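Open the model in your viewer and get your selection tool ready. Could you walk me through a few stops, telling me what to select next and what is there?

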Amino acid sequence: MKYKTSELKKIPDEVYKLPALTAGIENQGLNNYVPIDNATILQNVISISANGANTGVTFFQSNKFTVLQDAYVIDWKDPSIEFNRNNGVFISSVINGVLHGKYEWTNKAGWIRVRDEKIYLPTKNGKIDFDFMETFVAELEAQRVAELKNYLEVSGLDNYELSSRELEVLKSYDSVEWGEYRIGNLFSRISTKKLPYKAKDLPTEATDSYSLPCLTSSFRNQGLNYYAPREGATILKDVISIPSNSDVYRAYFQSREFTVLSDAYAIKWADEDMKLSNYQYLFMVRAINKVTDLPIYSYKMKLGGWSVVKDKKILLPVINGKIDFDFMETYISAIAKLAIKDVVKYADKRIAATKKIVNKQ
(Lines give C-alpha, C1' and ligand atoms only; values in the text may rest on other atoms or scores of the structure.)
Protein backbone atom coordinates (compact mmCIF):
# COMPACT_ATOMS: atom_id res chain seq x y z
CA MET A 1 0.00 0.00 0.00
CA LYS A 2 1.38 3.39 -0.98
CA TYR A 3 0.57 5.36 2.16
CA LYS A 4 2.72 6.96 4.81
CA THR A 5 1.48 6.81 8.40
CA SER A 6 1.63 10.61 8.57
CA GLU A 7 -0.92 10.77 5.74
CA LEU A 8 -3.42 8.42 7.35
CA LYS A 9 -6.29 8.92 9.77
CA LYS A 10 -6.05 7.99 13.43
CA ILE A 11 -9.82 7.90 13.72
CA PRO A 12 -11.97 6.16 11.08
CA ASP A 13 -14.31 8.11 8.84
CA GLU A 14 -16.47 7.27 5.83
CA VAL A 15 -13.45 6.87 3.52
CA TYR A 16 -10.58 5.93 5.84
CA LYS A 17 -12.29 3.11 7.70
CA LEU A 18 -10.12 -0.01 7.31
CA PRO A 19 -7.62 -0.65 10.17
CA ALA A 20 -4.04 -0.85 8.88
CA LEU A 21 -1.36 -2.95 10.55
CA THR A 22 2.06 -1.53 11.45
CA ALA A 23 4.76 -2.50 13.92
CA GLY A 24 3.46 -1.80 17.40
CA ILE A 25 1.89 -3.18 20.52
CA GLU A 26 -0.88 -0.66 21.16
CA ASN A 27 -4.27 -1.66 19.79
CA GLN A 28 -2.62 -4.80 18.38
CA GLY A 29 -0.70 -2.69 15.86
CA LEU A 30 -3.90 -1.28 14.32
CA ASN A 31 -3.45 2.45 14.90
CA ASN A 32 -4.12 3.88 11.45
CA TYR A 33 -6.99 3.74 8.97
CA VAL A 34 -6.86 3.53 5.17
CA PRO A 35 -9.43 3.51 2.36
CA ILE A 36 -10.87 0.06 1.77
CA ASP A 37 -10.52 0.35 -2.04
CA ASN A 38 -7.69 -1.79 -3.48
CA ALA A 39 -6.69 -3.04 -0.03
CA THR A 40 -6.04 -6.70 0.75
CA ILE A 41 -8.55 -7.42 3.49
CA LEU A 42 -7.49 -9.99 6.09
CA GLN A 43 -9.25 -11.58 9.04
CA ASN A 44 -8.71 -14.46 11.49
CA VAL A 45 -4.95 -14.58 10.96
CA ILE A 46 -1.89 -14.00 13.13
CA SER A 47 0.10 -10.78 12.79
CA ILE A 48 3.78 -10.39 13.63
CA SER A 49 5.58 -7.09 14.12
CA ALA A 50 8.76 -7.16 12.03
CA ASN A 51 10.37 -3.86 13.01
CA GLY A 52 10.70 -1.30 15.77
CA ALA A 53 11.00 -1.63 19.52
CA ASN A 54 8.25 -4.26 19.59
CA THR A 55 9.60 -6.50 16.86
CA GLY A 56 8.34 -10.03 17.28
CA VAL A 57 5.11 -9.04 19.04
CA THR A 58 2.35 -11.37 17.86
CA PHE A 59 -1.45 -11.02 17.89
CA PHE A 60 -4.45 -12.95 16.65
CA GLN A 61 -6.48 -10.55 14.50
CA SER A 62 -10.15 -11.51 14.57
CA ASN A 63 -11.48 -8.40 12.83
CA LYS A 64 -10.97 -7.18 9.27
CA PHE A 65 -7.77 -5.21 8.57
CA THR A 66 -4.96 -4.78 6.05
CA VAL A 67 -1.17 -4.60 6.28
CA LEU A 68 0.49 -1.22 5.93
CA GLN A 69 4.16 -1.64 6.80
CA ASP A 70 6.75 -3.16 9.16
CA ALA A 71 4.56 -6.20 9.91
CA TYR A 72 3.16 -9.29 8.22
CA VAL A 73 0.58 -12.02 8.74
CA ILE A 74 0.65 -15.80 8.80
CA ASP A 75 -2.05 -18.43 8.28
CA TRP A 76 -2.24 -22.20 8.21
CA LYS A 77 -0.53 -23.88 5.26
CA ASP A 78 -3.15 -26.62 5.41
CA PRO A 79 -6.30 -25.08 3.83
CA SER A 80 -8.49 -27.52 5.76
CA ILE A 81 -7.51 -25.87 9.07
CA GLU A 82 -8.83 -22.49 10.09
CA PHE A 83 -8.13 -20.20 12.99
CA ASN A 84 -11.01 -19.39 15.27
CA ARG A 85 -11.14 -16.98 18.19
CA ASN A 86 -9.88 -19.40 20.83
CA ASN A 87 -7.22 -21.45 19.04
CA GLY A 88 -5.99 -18.28 17.34
CA VAL A 89 -5.43 -16.58 20.68
CA PHE A 90 -3.74 -19.70 22.07
CA ILE A 91 -1.32 -20.17 19.18
CA SER A 92 -0.50 -16.46 18.82
CA SER A 93 0.36 -16.38 22.52
CA VAL A 94 2.68 -19.37 22.09
CA ILE A 95 4.44 -17.73 19.14
CA ASN A 96 4.68 -14.43 20.98
CA GLY A 97 6.35 -16.21 23.91
CA VAL A 98 9.08 -17.45 21.58
CA LEU A 99 9.61 -14.28 19.54
CA HIS A 100 9.05 -11.29 21.81
CA GLY A 101 12.27 -10.31 23.57
CA LYS A 102 14.44 -12.45 21.32
CA TYR A 103 14.39 -10.02 18.39
CA GLU A 104 15.25 -6.31 18.31
CA TRP A 105 16.16 -3.40 16.01
CA THR A 106 19.40 -5.05 14.88
CA ASN A 107 17.86 -8.52 14.68
CA LYS A 108 14.42 -8.02 13.19
CA ALA A 109 11.70 -10.66 13.33
CA GLY A 110 11.31 -11.15 9.60
CA TRP A 111 9.60 -14.26 8.26
CA ILE A 112 12.85 -15.75 6.99
CA ARG A 113 14.05 -15.99 10.60
CA VAL A 114 10.74 -16.62 12.29
CA ARG A 115 9.67 -19.55 10.11
CA ASP A 116 12.53 -21.66 11.52
CA GLU A 117 11.54 -21.08 15.16
CA LYS A 118 10.10 -24.02 17.09
CA ILE A 119 6.91 -23.83 19.17
CA TYR A 120 5.20 -26.35 21.41
CA LEU A 121 1.48 -27.08 21.00
CA PRO A 122 -0.74 -29.58 22.85
CA THR A 123 -1.20 -32.88 21.02
CA LYS A 124 -3.48 -35.89 21.21
CA ASN A 125 -2.92 -39.14 19.37
CA GLY A 126 -0.04 -37.51 17.51
CA LYS A 127 -2.11 -34.57 16.23
CA ILE A 128 -2.51 -30.98 17.37
CA ASP A 129 -5.17 -30.96 20.09
CA PHE A 130 -7.45 -28.11 19.01
CA ASP A 131 -10.13 -29.20 21.48
CA PHE A 132 -7.74 -28.63 24.38
CA MET A 133 -6.85 -25.15 23.12
CA GLU A 134 -10.53 -24.32 22.67
CA THR A 135 -11.39 -25.38 26.21
CA PHE A 136 -8.30 -23.85 27.82
CA VAL A 137 -8.90 -20.38 26.39
CA ALA A 138 -12.65 -20.54 27.04
CA GLU A 139 -12.11 -21.47 30.71
CA LEU A 140 -9.47 -18.78 31.13
CA GLU A 141 -11.80 -16.18 29.64
CA ALA A 142 -14.66 -17.38 31.84
CA GLN A 143 -12.47 -16.91 34.90
CA ARG A 144 -11.65 -13.33 33.90
CA VAL A 145 -15.26 -12.57 33.02
CA ALA A 146 -16.39 -13.95 36.38
CA GLU A 147 -13.91 -11.63 38.08
CA LEU A 148 -15.38 -8.75 36.09
CA LYS A 149 -18.90 -9.67 37.13
CA ASN A 150 -17.82 -9.91 40.75
CA TYR A 151 -16.20 -6.46 40.53
CA LEU A 152 -19.37 -4.99 39.05
CA GLU A 153 -21.48 -6.54 41.80
CA VAL A 154 -19.17 -5.44 44.64
CA SER A 155 -18.98 -1.92 43.17
CA GLY A 156 -22.72 -1.76 42.68
CA LEU A 157 -22.22 -1.22 38.95
CA ASP A 158 -24.30 -4.23 37.99
CA ASN A 159 -27.46 -2.22 38.68
CA TYR A 160 -28.31 -0.95 35.23
CA GLU A 161 -32.02 -0.36 35.77
CA LEU A 162 -32.82 3.26 34.91
CA SER A 163 -34.64 5.32 37.51
CA SER A 164 -37.74 7.30 36.60
CA ARG A 165 -35.68 10.50 36.73
CA GLU A 166 -33.02 9.04 34.40
CA LEU A 167 -35.68 7.94 31.93
CA GLU A 168 -37.21 11.40 32.08
CA VAL A 169 -33.87 13.09 31.38
CA LEU A 170 -33.12 10.84 28.41
CA LYS A 171 -36.53 11.52 26.89
CA SER A 172 -36.25 15.27 27.44
CA TYR A 173 -32.77 15.69 25.94
CA ASP A 174 -34.00 17.13 22.63
CA SER A 175 -36.10 19.76 24.41
CA VAL A 176 -33.40 20.94 26.82
CA GLU A 177 -32.51 24.64 26.88
CA TRP A 178 -28.83 25.29 26.22
CA GLY A 179 -26.61 28.21 27.17
CA GLU A 180 -23.29 29.29 25.67
CA TYR A 181 -20.26 29.58 27.97
CA ARG A 182 -16.64 30.59 27.41
CA ILE A 183 -14.37 27.75 28.57
CA GLY A 184 -11.96 30.17 30.25
CA ASN A 185 -14.78 31.53 32.41
CA LEU A 186 -15.52 28.05 33.72
CA PHE A 187 -12.09 26.44 33.97
CA SER A 188 -8.53 27.44 34.85
CA ARG A 189 -5.29 25.86 33.72
CA ILE A 190 -3.28 24.03 36.37
CA SER A 191 0.37 24.94 36.76
CA THR A 192 2.65 21.88 36.93
CA LYS A 193 6.36 21.31 37.52
CA LYS A 194 8.39 20.55 34.40
CA LEU A 195 9.73 17.02 34.54
CA PRO A 196 13.34 16.27 33.49
CA TYR A 197 12.35 13.32 31.32
CA LYS A 198 11.66 12.56 27.69
CA ALA A 199 8.89 10.14 26.79
CA LYS A 200 11.24 7.83 24.86
CA ASP A 201 13.32 7.30 28.01
CA LEU A 202 10.40 6.34 30.25
CA PRO A 203 8.86 2.87 30.73
CA THR A 204 5.47 2.13 29.20
CA GLU A 205 4.54 -0.10 32.14
CA ALA A 206 4.59 0.81 35.82
CA THR A 207 7.54 -0.27 37.97
CA ASP A 208 8.37 0.18 41.65
CA SER A 209 10.30 3.39 40.93
CA TYR A 210 8.31 4.61 37.92
CA SER A 211 4.69 4.31 39.00
CA LEU A 212 3.04 7.65 38.18
CA PRO A 213 1.22 7.83 34.81
CA CYS A 214 2.46 10.69 32.59
CA LEU A 215 0.28 12.75 30.29
CA THR A 216 1.41 13.40 26.71
CA SER A 217 -0.41 14.41 23.55
CA SER A 218 -1.45 10.86 22.63
CA PHE A 219 -5.14 10.07 22.48
CA ARG A 220 -4.51 6.41 23.28
CA ASN A 221 -5.11 5.33 26.86
CA GLN A 222 -6.29 8.89 27.53
CA GLY A 223 -2.77 10.17 26.90
CA LEU A 224 -1.29 8.18 29.79
CA ASN A 225 1.24 5.88 28.12
CA TYR A 226 4.40 6.43 30.18
CA TYR A 227 5.39 6.27 33.84
CA ALA A 228 7.66 8.54 35.89
CA PRO A 229 8.83 8.69 39.52
CA ARG A 230 6.35 10.34 41.88
CA GLU A 231 9.11 12.33 43.56
CA GLY A 232 9.19 15.94 42.38
CA ALA A 233 6.09 15.57 40.20
CA THR A 234 2.88 17.58 40.38
CA ILE A 235 0.27 14.92 41.08
CA LEU A 236 -3.19 15.62 39.67
CA LYS A 237 -6.54 13.87 39.91
CA ASP A 238 -10.17 14.54 39.00
CA VAL A 239 -9.33 17.13 36.34
CA ILE A 240 -9.59 17.44 32.56
CA SER A 241 -6.59 16.90 30.28
CA ILE A 242 -6.21 18.44 26.81
CA PRO A 243 -3.42 17.92 24.22
CA SER A 244 -1.61 21.06 23.06
CA ASN A 245 0.35 19.54 20.17
CA SER A 246 -1.32 16.52 18.64
CA ASP A 247 -3.02 14.90 15.69
CA VAL A 248 -6.18 14.49 17.76
CA TYR A 249 -7.20 17.20 20.24
CA ARG A 250 -9.40 15.13 22.51
CA ALA A 251 -10.04 16.10 26.11
CA TYR A 252 -10.40 13.47 28.85
CA PHE A 253 -11.57 13.41 32.44
CA GLN A 254 -8.71 11.96 34.49
CA SER A 255 -10.16 10.32 37.59
CA ARG A 256 -6.87 8.74 38.74
CA GLU A 257 -3.57 10.25 39.81
CA PHE A 258 -1.21 11.36 37.03
CA THR A 259 1.21 14.11 36.11
CA VAL A 260 1.86 16.17 32.99
CA LEU A 261 4.93 15.30 30.91
CA SER A 262 4.73 17.16 27.60
CA ASP A 263 2.52 18.55 24.81
CA ALA A 264 -0.58 18.58 27.03
CA TYR A 265 -2.04 20.35 30.05
CA ALA A 266 -4.78 20.00 32.64
CA ILE A 267 -7.67 22.26 33.60
CA LYS A 268 -9.97 22.30 36.63
CA TRP A 269 -13.31 23.83 37.58
CA ALA A 270 -12.50 27.44 38.46
CA ASP A 271 -15.14 27.97 41.16
CA GLU A 272 -13.41 26.67 44.29
CA ASP A 273 -16.63 26.93 46.28
CA MET A 274 -18.22 24.23 44.15
CA LYS A 275 -16.89 20.74 43.53
CA LEU A 276 -17.96 19.01 40.33
CA SER A 277 -18.85 15.33 40.47
CA ASN A 278 -17.21 12.82 38.14
CA TYR A 279 -20.36 12.63 36.04
CA GLN A 280 -20.56 16.42 35.73
CA TYR A 281 -16.93 16.53 34.64
CA LEU A 282 -17.64 13.84 32.05
CA PHE A 283 -20.49 15.92 30.66
CA MET A 284 -18.19 18.95 30.46
CA VAL A 285 -15.59 16.88 28.58
CA ARG A 286 -18.22 15.91 26.05
CA ALA A 287 -19.08 19.59 25.55
CA ILE A 288 -15.42 20.62 25.23
CA ASN A 289 -14.68 17.95 22.64
CA LYS A 290 -17.42 19.33 20.42
CA VAL A 291 -15.20 22.39 19.83
CA THR A 292 -11.71 20.84 20.12
CA ASP A 293 -11.86 17.25 18.87
CA LEU A 294 -12.55 18.17 15.26
CA PRO A 295 -11.11 16.69 12.04
CA ILE A 296 -9.89 20.14 10.92
CA TYR A 297 -7.20 20.05 13.62
CA SER A 298 -4.00 18.00 13.25
CA TYR A 299 -0.22 18.29 13.56
CA LYS A 300 -0.24 20.42 10.44
CA MET A 301 -3.30 22.43 11.43
CA LYS A 302 -2.87 22.81 15.17
CA LEU A 303 -5.64 23.77 17.53
CA GLY A 304 -3.28 25.58 19.87
CA GLY A 305 -2.88 25.56 23.64
CA TRP A 306 -4.86 27.03 26.50
CA SER A 307 -4.51 30.56 25.15
CA VAL A 308 -6.73 29.44 22.25
CA VAL A 309 -8.96 26.88 23.95
CA LYS A 310 -9.97 29.16 26.81
CA ASP A 311 -11.77 31.44 24.33
CA LYS A 312 -13.76 28.60 22.77
CA LYS A 313 -17.43 28.52 23.70
CA ILE A 314 -19.35 25.44 24.71
CA LEU A 315 -23.03 24.66 25.14
CA LEU A 316 -24.34 23.46 28.51
CA PRO A 317 -27.89 22.71 29.71
CA VAL A 318 -29.48 25.56 31.64
CA ILE A 319 -32.51 26.03 33.85
CA ASN A 320 -33.74 29.43 35.01
CA GLY A 321 -30.70 31.01 33.38
CA LYS A 322 -28.15 28.90 35.28
CA ILE A 323 -26.18 25.76 34.43
CA ASP A 324 -28.31 22.70 35.12
CA PHE A 325 -25.85 20.54 37.02
CA ASP A 326 -28.58 18.10 38.07
CA PHE A 327 -29.40 17.38 34.42
CA MET A 328 -25.72 16.72 33.66
CA GLU A 329 -25.39 14.36 36.64
CA THR A 330 -28.51 12.39 35.81
CA TYR A 331 -27.86 12.22 32.07
CA ILE A 332 -24.35 10.75 32.44
CA SER A 333 -25.59 8.39 35.14
CA ALA A 334 -28.17 7.07 32.67
CA ILE A 335 -25.58 6.71 29.90
CA ALA A 336 -23.25 4.86 32.29
CA LYS A 337 -26.02 2.41 33.19
CA LEU A 338 -26.78 1.76 29.53
CA ALA A 339 -23.10 1.05 28.90
CA ILE A 340 -22.82 -1.21 31.95
CA LYS A 341 -25.91 -3.08 30.79
CA ASP A 342 -24.05 -4.09 27.63
CA VAL A 343 -21.01 -5.18 29.69
CA VAL A 344 -23.12 -7.31 32.03
CA LYS A 345 -24.95 -8.93 29.10
CA TYR A 346 -21.60 -9.59 27.38
CA ALA A 347 -20.28 -11.24 30.55
CA ASP A 348 -23.34 -13.45 30.84
CA LYS A 349 -23.11 -14.36 27.16
CA ARG A 350 -19.41 -15.32 27.37
CA ILE A 351 -19.94 -17.42 30.51
CA ALA A 352 -22.82 -19.27 28.82
CA ALA A 353 -20.71 -19.85 25.70
CA THR A 354 -17.87 -21.21 27.82
CA LYS A 355 -20.16 -23.69 29.54
CA LYS A 356 -21.20 -25.04 26.13
CA ILE A 357 -17.60 -25.45 25.02
CA VAL A 358 -16.52 -27.15 28.24
CA ASN A 359 -19.54 -29.49 28.26
CA LYS A 360 -18.68 -30.65 24.73
CA GLN A 361 -15.26 -31.88 25.82
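Start by selecting residues 123–128, and look at the loop between β7 (123–124) and β8 (127–128): Asn 125 is found there. Keep in mind as you zoom in that this is a predicted model. Check the backbone torsions at this stop: Asn 125 has a positive phi of about 55°, although this residue is not a glycine. Now switch on a surface. Asn 125 has a relative accessible area of 74%, and because the cut-off for exposed is over 50%, this residue counts as exposed.

Next, move along to the loop between β15 (259–260) and β16 (264–269), where you will find Asp 263. Here too the torsion deserves a look: phi is positive, at about 55°, and Asp 263 is not a glycine. Is Asp 263 buried, partly exposed or exposed? Its relative accessibility is 36%, so Asp 263 counts as partly exposed, since that class lies between the 20% and 50% limits.

For the last stop, stay with β15 and add β11 and β12 to your selection. Together they form an open sheet of three strands, in the order β12-β11-β15, with mixed pairing. The strands at the edges are β12 (224–228) and β15, each of which pairs on one side only.

Zoom in on β11 (residues 212–215) alongside β12: the two run antiparallel and are joined by four bridges. To pick out one bridge pair, select Pro 213 and then its partner in β12, Tyr 227.

Notes. Residues numbered from 1 in each chain as written. Predicted model: local features only at pLDDT ≥ 70, side-chain atom pairs only at ≥ 80, totals over all residues. Heavy atoms only, no water. Buried < 20%, exposed > 50% of the residue type's maximum accessible area, 1.4 Å probe, protein only. Pairing = 2+ DSSP bridges.
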